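Visitor: I am new to this structure and would be grateful for a close look at one part of it. Please show me how one pair of neighbouring elements packs together, and how that pair fits into the whole.

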Amino acid sequence: MAGAIASAMLFAFPAFSQDSRLSLADRVSRLEQQAQKDQGGVGMVNQMQQLQEQVRQQQGRIEELQHQLQQLEDKNKAQYVDLDSRIGRLEGGNAGGAAGAAPTASAAAAAAAPATSSSAAAGNPTQAQGGNADPASVQAAYDVAFKALRGGDYAAASRDFRSFVQQYPNESLTPNAYYWLGESYYVTMNYPVALEAFQQLLKQFPQSEKAPDALLKVGYSQYELKQVDAARATLTEVGAKYPGTNAANLAKERLQRIQSVN
């Protein structure tokens, strides 16, 4: 009986030893798998941290872009208000104001007169002496362009005013057309073309009543184009050349604003 038990234990011992070895191997395998999982977890944590940092950077960029967009909207609104106020003064009868002259009923009635007298009657004395074009045709073409501007159709206004200055390069209303051509581009933030129109007015009609405002808008356009030194010089010139005018006052205000931010 004792021998039988001993034999059974002898046969059972190798099996027990094998089970122990297999159990140890399994434990090592499980430990290795756990280590791999831990390493993978660390990698995932690192990736999550990187993604979170990228999200924070993107949020910061979005906030910056929103701020810039708000600034552009505010600037655009201010330009529309400025243009609307100028047109409002014209519609209110201030045909000879610093903002420039618009065609009025008296101007239209005087269109049949020679170009020089038509200019005086409309409150638009300029350097232009008038060409050989039919005054009624000149006035009609100007009215079409100004109507588009007054209606807020700036693309049509710029197209019509450009057509006007090309077709009527030396009429009494040509300086006005150059000025409003520049305004139609300025209000839509096309500053390079606006600058060109204002400079052409000053070059071709330096004695025009539009000259002070044209020079002012040259300074404005230069500033918007980041030509800060040129803008300062131009705005200073406005005050020196046209003291006491509305353009000089606006130039002074803009110079103060430039000084505060630069």
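Guide: The account below begins with the whole chain, turns to the packing of α4 with α5, and ends with two loop residues.

This is a predicted model, in which local features need pLDDT of at least 70, side-chain atom pairs count only at pLDDT 80 or more, and totals for chains, interfaces and linings use all residues. Residues are numbered from 1 along each chain as its sequence is written, and side-chain values use heavy atoms, with hydrogens and water left out.

The protein has 10 helices and 0 strands; helices (H or I, at least four residues) and strands (E, at least two) are DSSP runs, numbered from the N terminus. Of its 262 residues, 33% count as buried, where buried means under 20% relative accessible area, exposed over 50%, and partly exposed in between (1.4 Å probe, protein chains only).

The part in question is the pair α4 and α5. Their axes lie 7 Å apart and meet at an angle of about 160°; axes are lines fitted to C-alpha atoms, for helices over the stretch in contact, and angles run from 0 to 180 degrees between N-to-C directions. The angle makes α4 roughly antiparallel to α5, a term for angles over 145 degrees.

From α4, the residues V138, A141, Y142, V144, A145, F146, A148 and L149 meet Y154, A156, A157, D160, F161 and F164 of α5, contact being heavy atoms within 4.5 Å. By class, the residues of this contact are 13 nonpolar, no polar and 1 charged; Ala, Val, Leu, Ile, Met, Phe, Trp, Tyr, Cys and Pro count as nonpolar, Asp, Glu, Lys and Arg as charged, and the others, Gly among them, as polar.

The largest nonpolar core has 43 residues, and Y142, L149, F161 and F164 are among those with the most contacts inside it. Such a core is a set of buried Ala, Val, Leu, Ile, Met, Phe, Trp, Tyr and Cys residues joined through side-chain atoms within 4.5 Å. Among the helices that each supply at least two residues of this core are α4 (135-150), α5 (154-167) and α6 (174-186).

Two loops complete the picture. M189 lies in the loop between α6 and α7, and its phi is near 65°, a positive value in a residue other than glycine. M189 is partly exposed, at 32% relative accessible area. K226, in the loop between α8 and α9, also has a positive phi of about 65° although it is not a glycine. K226 counts as exposed, at 69% relative accessibility. Most residues other than glycine have a negative phi.

Key. Parallel < 35°, antiparallel > 145°, perpendicular 65-115°, else oblique.
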